[in-house]
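Thanks, everyone. Please have the sequence and the structure open on your screens. I'll take one topic at a time.

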Amino acid sequence: MKNIKNTVLGLVAGTLLLSACSEFGDINVDPNRPSSPLTSGLLTGAERSVSGIVGNATGVLYVQHLSEKQYTESSRYQDIYFDFNGFYTGPLMNLQRIIDLNTNEETKDDVLSSGSNENQIAVARILRAYFFGVMTDRWGELPYSQALQGEVEFSPTYDTQEFIYTDLLKELKESADQINFETAGVEGDLLFNGDMEQWRRFANSLRMVMSLRISDVAPGLAESNFKEAYSNGALTGDFMYPYLAEANNQNPWYARYLTRVDYAISDTMYDYMNPLNDPRLAVYADPAANTGEIAPMPYGVSNTVAGGITNASVSYLGSSLRKQNAELPIVTLAQIHFSLAEAAVKGWISESAESHYRSGIEASFRQFGVFDQAAYDAYLAQPEVAFNSSNAMEKIAAQKWVALFLQGYEAWAEWRRLDYPELTPAVDAMNDSKMIPVRQAYPTTERDINSESYLEAVARQGEDGLDTKLWWDVN
């Protein structure tokens, strides 16, 4: 909290100081684009936008972790067009500005108070790759190589997802290598507090996740990147977004429950977890008010049907997960172990797939605070859970789906790639195909303003809708 407040106060104080220096000296200066902004403030601003990804409800509904109770349109796929402009004008522009200021010979010395030039650039590149990775997994082709050029390019072309992924893997490798442990870490960093070793491990972990994403379409590129990233060191613990017990930076699930009680555990999730006596279920959902037992909400039903179900008869998202300062996962240790289990199945690493599979479940139990050795052993002993090499990928995919609870967009991407568990579309789906979306459509502003580039992308990729599979989604 002090870091965030100090950053804001520093920006305000710096603005006041600059405005007092001269009565006439700023006539030709754009007040909205200071020549030497505090790059620590730019980094804090970009990192705050991570909350919009990890706290987003759409992916959580697509993979049926939760059901809507009051207004069920999102879980019935009503929305087709999703806006990506805020990414470009917000965090991505902040990160590009950090890179530019630390690269330009005229400004690079002026921003050293926020960390060494190489470390600021490395962190900005890693975080930029994170944002673009999430974006391309939602929309596919994107303005990428020509994006973030401001007045230089108002109508950027779209790059293919293959190009974007190839370049993101390169960016993550180069930025991890660029980190200089002999120089100052970054300031304004609310995610790792300037710990450059953690940034390096985050870059390697992202590279591992992205490599698996493209393993069915570019196996050679995927394997080489995964193995190198893993050998260089992945995260060794859960990487969480740090919310505060104040409205300025609060958990978005907390905010949602301030206005209405709407998100309940889905019958899909309940029907998988409950027969297995999964102890995480008691964390994922609170008991229903009228029975004291966990009771799921039917997934994807109409508002009329939902309205006939009383609030007291269903179990809402667990209260510990929607506290004002409850952290939300960005990358978890469970996720890394399941990735290593898959890599072992593929023969990329010589380690035991079963061992990493079991470690993934244990890490998830520990993440949600339910680990007990006896309960863990009993859970693993069940045929539905026990590792089996004959259907290893189905086992890994199902357990990954459970462990990625509330990691909506990541869970959605992995479900599309692995096709497990088998999910039934919403009963009262509102989209034309009545199928679970496998993509989100571009904002209408692109069709209207950047029409030539938009049409070229659609011609290559396919119809601009919810049913067009992405490049890596071939199963």
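Start at Pro-421. This residue sits in the loop that joins α19 to α20, residues 444-449. The model is predicted, so keep that in mind throughout. Is the peptide bond from Tyr-420 to Pro-421 cis or trans? The bond is cis, and its omega is near -5°. As background, most peptide bonds are trans.

Next, another backbone point. Go to the loop between α4, residues 58-62, and β1, residues 66-68. Gln-64 has its place there. Its phi is near 65°, a positive value, and Gln-64 is not a glycine. In general, most residues other than glycine have a negative phi.

Now to helix packing. Two packed helices are described by the angle between their axes and the distance between the axes. I'll centre this on helix α9, residues 196-213.

Take α7 with α9. Helix α7 covers residues 117-139. The two pack at an angle of about 25°, and their axes are 11 Å apart. An angle under 35 degrees counts as roughly parallel, and α7 and α9 are therefore roughly parallel to each other. The crossing of α7 past α9 is left-handed. From α7, the contact residues are Asn-119, Val-123, Ile-126, Leu-127, Ala-129, Tyr-130, Gly-133 and Asp-137. From α9, they are Met-196, Trp-199, Phe-202, Ala-203, Leu-206, Met-210 and Arg-213. How many of the residues in the contact of α7 with α9 are nonpolar? Eleven are, alongside two polar and two charged residues.

Move on to α10, residues 219-231. Its axis and that of α9 come within 8 Å and cross at roughly 155°. That angle is over 145 degrees, so α9 is roughly antiparallel to α10. Here too α9 makes a left-handed crossing. On the α9 side, the contact uses Asn-204, Arg-207, Met-208, Ser-211 and Leu-212. On the α10 side, it uses Ala-222, Asn-225, Phe-226, Glu-228, Ala-229 and Tyr-230. By class, that contact has six nonpolar, three polar and two charged residues.

The next partner is α15, residues 333-346. The axes of α9 and α15 come within 10 Å and cross at roughly 50°. That makes α9 oblique to α15. α9 passes α15 in a left-handed crossing. α9 brings Ser-205, Met-208, Val-209 and Leu-212 to this contact. α15 brings Gln-335, Ile-336, Ser-339, Leu-340, Glu-342 and Lys-346. The classes are five nonpolar, three polar and two charged. Look again at Met-208 and Leu-212. These α9 residues are in the contact with α15, and both are in the contact with α10.

Last topic, the cavities. How many cavities of 30 Å³ or more are there? The count comes to three. The largest holds about 280 Å³ of space. Its lining has 24 residues. Nearest its centre are Tyr-130, Val-134, Arg-213, Ile-330 and Glu-410. Two of those names have come up already: Tyr-130 and Arg-213 take part in the contact between α7 and α9.

Which elements supply at least two residues each to this lining? They are α3 (51-54), α7, α9, β6 (328-331) and α19 (408-418). By class, the lining has 15 nonpolar, four polar and five charged residues.

To close, go back to α19. This helix contributes to the lining of the largest cavity, and the loop holding Pro-421 runs between α19 and α20.

Technical notes:
Residues numbered from 1 in each chain as written. Predicted model: local features only at pLDDT ≥ 70, side-chain atom pairs only at ≥ 80, totals over all residues. Heavy atoms only, no water. Axes fitted to C-alpha atoms, helices over the stretch in contact; angles between N-to-C directions. Helix = DSSP H or I, 4+ residues; strand = E, 2+ residues; numbered from the N terminus. Parallel < 35°, antiparallel > 145°, perpendicular 65-115°, else oblique. Left-handed = near helix turned anticlockwise from the far one by under 90°. Contact = heavy atoms within 4.5 Å. Nonpolar A, V, L, I, M, F, W, Y, C, P; charged D, E, K, R; others polar. 1 Å grid on protein atoms, 1.4 Å probe; cavity = no way out; pocket = protein on both sides within 12 Å on 5 of 7 lines; lining within 4 Å. Points joined across faces, edges and corners; volume = space filled by probe spheres on them.
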